[in-house]
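Student: I have a model open in front of me and would like to learn how to read it. Could you walk me through it?

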2 protein chains.
Amino acid sequence: MPDLRSLEVFYWTASLSSFSRAAERLNTTQPAVSQRVAALERAFGLSLFERQARSVALTAKGRELLVYAERFLRLRTEMMGAIAGPAATTGVLRLGVSETIVHTWLMRFIARMGEVYPGVAVDVAVDVSPIMRDALLRGDLDLALLVGPITMPRLVNRPLCSFSVAWIAAPGLAFGPEPVTLAELVRHPIITYPKNTNPYVQLHELLARSNLPPPRLYSNASLSTIVRMAVEGLGVGVIPPDTVRREIDAGQLRVLRTEARLPDIGFTATYANTPDCGLAAAAAGLAAEVAAGWAPADA
Amino acid sequence: MPDLRSLEVFYWTASLSSFSRAAERLNTTQPAVSQRVAALERAFGLSLFERQARSVALTAKGRELLVYAERFLRLRTEMMGAIAGPAATTGVLRLGVSETIVHTWLMRFIARMGEVYPGVAVDVAVDVSPIMRDALLRGDLDLALLVGPITMPRLVNRPLCSFSVAWIAAPGLAFGPEPVTLAELVRHPIITYPKNTNPYVQLHELLARSNLPPPRLYSNASLSTIVRMAVEGLGVGVIPPDTVRREIDAGQLRVLRTEARLPDIGFTATYANTPDCGLAAAAAGLAAEVAAGWAPADA
DNA sequence: AGAGGTTACGGGCAGCGTAAGGATC
DNA sequence: GATCCTTACGCTGCCCGTAACCTCT
């Protein structure tokens with residue numbers, strides 16, 4: 001009689017079309033996967049995979065079984081969510097985080113995770129959203145707090161919060177009378193997020209529409225560095241003020257009043273809709289709570 | 001992470017409200033059940049049963065889990081039916097059979113079971129329908145071929161065949177001209193099924209309506225013995241002719257033409273609707289096939 | 001030769017059954 | 001004392017990981 005573990009192994013083997021990738025995903029060895037699948041085939045008295053030269057493919061019965069395996073795993077996820085107390089949940093959550101979140105409420109979220117799920121270890125990887133999107137799809141991340149939503153059939157997006165983007169500069173930097181015009185702004189270098197991120201694209205479009213001479217753009221993958229550069233007066237930062245509340249309060253930076261408004265950036269907790277995404281879904285809920293409880297600067 | 005076996009053990013423990021009865025049902029020992037339940041409670045981080053003095057009762061979370069456990073077991077049953085070939089099915093089928101079936105097509109059914117499910121051992125117990133009904137409800141039988149249907153929420157009935165009931169006697173027994181009247185019939189002792197069986201009750205009602213003097217009734221739990229007594233000329237048998245085709249063909253018995261008709265008795269394959277009734281349901285289907293393929297005498 | 005799956009083998013551990021313990025009626 | 005569940009303990013057997021092997025490109 002097959003048990004849930006065997007069905008889980010079969011599910012990933014079938015989904016990834018590979019014994020070794022399944023082993024990797026399940027934190028085990030490839031022979032262990034081989035044996036469990038072989039045991040399943042023995043138990044059912046039929047073959048589930050077509051072992052071809054360089055690849056494995058499901059047989060007809062294998063495709064049927066895959067449906068059942070997924071139903072089993074989803075049922076298990078549902079059961080664990082409904083029955084087991086959070087304290088009983090154990091494991092690792094591979095979390096991807098946009099740096100904007102790091103500078104706002106990530107620490108509160110991590111702390112809440114530690115309180116609610118004391119048995120869960122959170123692996124945090126900070127990166128830009130497109131990279132995390134790929135990592136999610138590859139299964140290298142369980143959950144990502146990123147600029148979203150990402151409209152993809154296999155991804156679930158849970159809205160978190162929205163940040164306004166503003167022009168920010170050190171008090172010493174010289175500008176015309178407020179509201180500052182875009183022409184005034186671009187006389188300084190502009191420091192912002194890297195290319196192929198949402199804020200960069202928005203800024204680029206705004207500048208393109210303006211017919212102004214192309215400014216110097218210092219795009220930087222590290223928000224901390226952007227802040228540091230802005231504080232040093234190297235240019236005008238285009239970032240959410242929420243990420244630099246401390247510096248604003250300390251008088252190191254100020255938000256420029258200007259007509260050159262940029263659209264808000266929305267963040268979502270996004271995870272792959274696998275049959276075993278229980279912890280990711282629960283953590284996404286927790287993130288939504290923390291994000292809602294975190295009072296934005298303009299409130 | 002709980003496995004299916006643990007959920008199965010929990011299911012029966014909860015359903016039977018007893019660790020020891022669950023152990024009995026699962027063909028294991030009571031400490032083994034105890035340990036698995038304890039392990040489940042540890043895994044979920046909560047208690048599932050209220051251990052009171054003389055009885056165990058589910059907690060609130062336990063009742064929730066029971067629903068999931070049943071869903072898991074039904075899903076497993078469905079999966080095994082859909083995926084595993086019959087050849088892979090192994091185990092024991094505790095089959096209860098009405099003696100009428102024994103005398104008609106039981107052997108064909110047993111043979112078919114052996115062909116289709118070579119890995120299944122069939123334990124046959126012959127008894128009257130009311131006893132088997134209780135055994136089904138107690139879980140002492142997996143499947144019964146009996147006089148049905150039995151209208152009960154926990155029982156599934158699958159119609160099999162219907163037998164006419166006739167008056168049967170040895171050729172030597174003296175009667176008036178045919179069609180024989182009921183008054184003629186009851187001059188001989190009447191040999192039939194035991195009390196509290198359907199045919200006996202039907203016969204009793206017929207006689208009660210007739211206002212005739214009460215005849216001698218030889219009720220007998222063994223159909224073979226009834227046949228033997230009828231052949232010996234000890235009285236008139238009231239049984240389905242289908243059960244004595246051999247004796248009729250051999251001229252040892254004959255069906256009396258009479259107006260005193262008795263209603264047919266219908267048979268069903270009946271089993272308890274437990275979450276693990278896959279083999280019973282499949283065998284019931286097989287029984288229906290065999291019953292349909294068995295040509296009744298009056299055809 | 002290298003990637004990917006299978007087979008062989010040794011060790012660890014979970015789970016079972018027997019047996020003893022404890023609580024309640 | 002009887003019944004029912006729990007705990008203790010030794011054992012079997014499964015399952016995993018390492019390593020060697022096979023096969024196809």
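Tutor: Gladly! Let's begin with a term: helices (H or I, at least four residues) and strands (E, at least two) are DSSP runs, numbered from the N terminus. Residues are numbered from 1 along each chain as its sequence is written, while chains are lettered from A and ligands numbered from 1 in the order in which they are written. This is a predicted model, where local features need pLDDT of at least 70, side-chain atom pairs count only at pLDDT 80 or more, and totals for chains, interfaces and linings use all residues.

Student: Which elements supply the surface near DNA strand C?

Tutor: A residue is near a strand or molecule if its C-beta atom, placed from the backbone, lies within 6 Å of it. Here helix H2 (19-25) and H3 of chain A, together with helix H3 (30-44) of chain B, each supply at least two residues. Of the 20 residues around DNA strand C, those that come nearest are A:Ser20, A:Pro31, A:Ser34, B:Ala32 and B:Ala53.

Student: And which residues come nearest to DNA strand D?

Tutor: They are A:Thr28, A:Ala53, B:Ser20, B:Pro31 and B:Ser34, out of 20 residues around that strand. The elements giving two or more residues to this surface are H3 of chain A together with helix H2 (19-25) and H3 of chain B.

Student: How many residues does each chain bring to the contact between A and B?

Tutor: Two residues are in contact if their C-beta atoms, placed from the backbone, lie within 7 Å. Chain A brings 21 residues and chain B brings 21 residues. On the side of chain A, helix H1 (4-16), helix H3 (30-44) and helix H4 (60-83) each supply at least two residues, and H4(A) gives the most, with 10 residues.

Student: How are the two chains related?

Tutor: To compare copies, we superpose them by least squares on the C-alpha atoms of residues with pLDDT of at least 70 in both. A turn of 179° and a shift of 0.1 Å along the axis lay chain A on chain B with an RMSD of 0.1 Å. That is the relation of a two-fold axis. The copies meet through the same surface, because 100% of the interface residues of chain A are also interface residues in chain B.

Student: Which strands does S3 of chain A pair with?

Tutor: Two strands pair if DSSP finds at least two bridges between them. Strand S3 (residues 91-97) of chain A runs parallel to strand S4 (residues 120-126) of chain A, joined by seven bridges, and A:Gly91 stands opposite A:Val120. S3(A) also runs parallel to strand S5 (residues 143-147) of chain A, with three bridges; there A:Val97 stands opposite A:Leu145.
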